[in-house]
Amino acid sequence: MAGISVIDRDGEEHALEATPGWSVMEIIRENDLPIEAACGGCCACATCHVYVDEPWLAKLEAASDEEDRMLDEAYQVQENSRLSCQISFHEDLDGLKVTLAPEF
Amino acid sequence: MMAEPIRTDMVIVGAGPVGLFAVFEAGLVNIKCELVDNLDKIGGQCAELYPDKPIYDIPAVPRCTGQQLTDLLLEQIKPFAPRFHLSQQAERLERLEDGRWRLTTSVGTVLEAPTIVVAAGAGSFVPRRLPLPGADEREGRSLFYAVRRMDDFRDRHLVIAGGGDSALDWTLNLQPLAASLALVHRRDDFRAAPDSVAKMRELVSSGAIDLHIGQITGLNGSGSTLDSVTIKSPKGEALIPCDTLLAFYGLRMELGPLADWGLNLEKNLIEVDLATFETSAPGIFAIGDIITSPGKLKLILSGFHEAALMAQKAHRYVHPEERLVFRYTTSSTDLQKKLGVA
């Protein structure tokens, strides 16, 4: 089973099973980790903000303009900031590591 | 002094799609409604979060946007002439001696009715506050999330943070009043209306305002005062001298005062009776995303169904002397008269 690794806001790392075709936000939410995802995944808020572990950045499709615009409503945005609802999980992302951004 | 109370049959907290459709179902059983919403517009999340996003799961509407759904619902409830109290939060709820409820809003509107319907979705939209040390004690003194009176910003050394329409509109409006103004945004690209962006750029080129690319990471000054903000960009950290910060980072949803209304809550969701959508308090109903019940789905269509069932029970509170007869809009002249078509 493929999986991802998520570091929560206390610094604790969680190994989560990941289903291809689910967004990273959905994987985090369905595992009951604290992610607000207020808009439900339609790139209309910025409450599923995560930091992607550097080595994985190049393997992801680049953020759309829409995602970049929504990140304006996030806090402590970094070069590796992404909205996790916009990352679709697939087998090549097995082992992906992300960190939950601070709540805002 | 308390404002003159507005007496009505039903007060609906939340003017999102479910609150709007509740007006229709209530109207069919002779219940008049007033709605309260903290947003300055009608439509709830459909209008605020995704006005332009498509929705495909409204029965018999194969595709519409959030804004179109709002507009269609407004057209559908027009015959019932609901009244809206916008830009105010439902704050306090009290039971009157005669069993009715009195709801007071954040701007002092007082509404009295035998029934209250909480259709508040994920709560009210409120400005996102800066999660920085010292932000709380400065709020309302040297840090603001909205402009109530422009004059409050006269002769101030102002920093405005954000890249959307609010940030740009207030930059343009306050620049003539402020002693100095600096706009701070995390990137040199603005999602505000292109016209406002162009005007802002002109002010920057003429030297009337400063533009800094970066994010605010610190508030400096003693107590509730501000003498500079720290901004961080890939180039490093910088201090921008100022005495007032206006931050526009969009809105977030929070449950707000209704958490203290004494309703049974489970994980910030309201428990309801599944047949009537009445809460633990008589005459107070809850429908839509804010409820919890076995099998609950947070879909707009579920909220519509809940509104219809709620209205059946609410009728008993509003018109206890009347017997309700179940009718269809297709065949009932009485219902069609209410809709203005017969």
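**Figure 1. Ala37 of chain A, a buried residue in a loop.** In this predicted model, Ala37(A) has a relative accessibility of 8% and therefore counts as buried, the cut-off being under 20%. Where along the chain should you look for Ala37(A)? Follow chain A to the loop between helix 1 (24–30) and strand 3 (49–52). While you are there, check the backbone: phi of Ala37(A) is near 45 degrees, which is a positive value in a residue other than glycine.

**Figure 2. Chain A as a whole, the setting for Ala37(A).** Chain A contains three helices and five strands. If you trace the chain along its sequence, you meet them in the pattern β-β-α-β-α-α-β-β. The radius of gyration of chain A is 12 Å, close to the 13 Å from the globule rule for 104 residues, so chain A is as compact as a globular protein of that length. Its C-alpha trace spans about 35 × 25 × 25 Å along the principal axes. Of the 104 residues in chain A, 51% are buried. Take the contacts in chain A with a separation of 6 or more: 65% of them are between residues 24 or more positions apart.

**Figure 3. Asn30 of chain B, a partly exposed loop residue.** Now move to chain B, where Asn30(B) sits in the loop between helix 1 and strand 3 (33–36). Is Asn30(B) buried, partly exposed or exposed? Its relative accessibility is 36%, so Asn30(B) counts as partly exposed. Asn30(B) is a residue other than glycine with a positive phi, near 65 degrees.

**Figure 4. Helix 1 packing against helix 7 in chain B.** Two packed helices are described by the angle between their axes and the distance between those axes. For helix 1 (residues 17–28) and helix 7 (residues 300–318) of chain B, the angle is about 35 degrees and the axes are 8 Å apart. The crossing is right-handed. Helix 1 of chain B brings residues including Phe21(B) and Glu25(B) to the contact, and among those from helix 7 of chain B are Gly303(B) and Phe304(B). Sorted by class, this contact has eleven nonpolar, one polar and one charged residues.

**Figure 5. Helix 5 meeting helix 6 in chain B.** The axes of helix 5 (residues 165–174) and helix 6 (residues 194–205) of chain B come within 10 Å, crossing at roughly 45 degrees. That angle is why helix 5 of chain B is oblique to helix 6 of chain B. Their crossing is left-handed. Among the contact residues, look for Leu168(B) and Asp169(B) on helix 5 of chain B, and for Lys199(B) and Met200(B) on helix 6 of chain B. The contact residues divide into five nonpolar, two polar and two charged.

Definitions and conventions: Residues are numbered from 1 along each chain as its sequence is written. Chains are lettered from A and ligands numbered from 1 in the order in which they are written. This is a predicted model: local features need pLDDT of at least 70, side-chain atom pairs count only at pLDDT 80 or more; totals for chains, interfaces and linings use all residues. Side-chain values use heavy atoms; hydrogens and water are left out. Axes are lines fitted to C-alpha atoms, for helices over the stretch in contact, and angles run from 0 to 180 degrees between N-to-C directions. Helices (H or I, at least four residues) and strands (E, at least two) are DSSP runs, numbered from the N terminus. A crossing is left-handed if the near helix is turned anticlockwise from the far one by less than a right angle, and right-handed if clockwise. Contact means heavy atoms within 4.5 Å. Ala, Val, Leu, Ile, Met, Phe, Trp, Tyr, Cys and Pro count as nonpolar, Asp, Glu, Lys and Arg as charged, and the others, Gly among them, as polar. Angles under 35 degrees count as roughly parallel, over 145 as roughly antiparallel, 65 to 115 as roughly perpendicular and the rest as oblique. The radius of gyration is taken over C-alpha atoms; the globule rule is 2.2 Å times the number of residues to the power 0.38. Buried means under 20% relative accessible area, exposed over 50%, partly exposed in between (1.4 Å probe, protein chains only).
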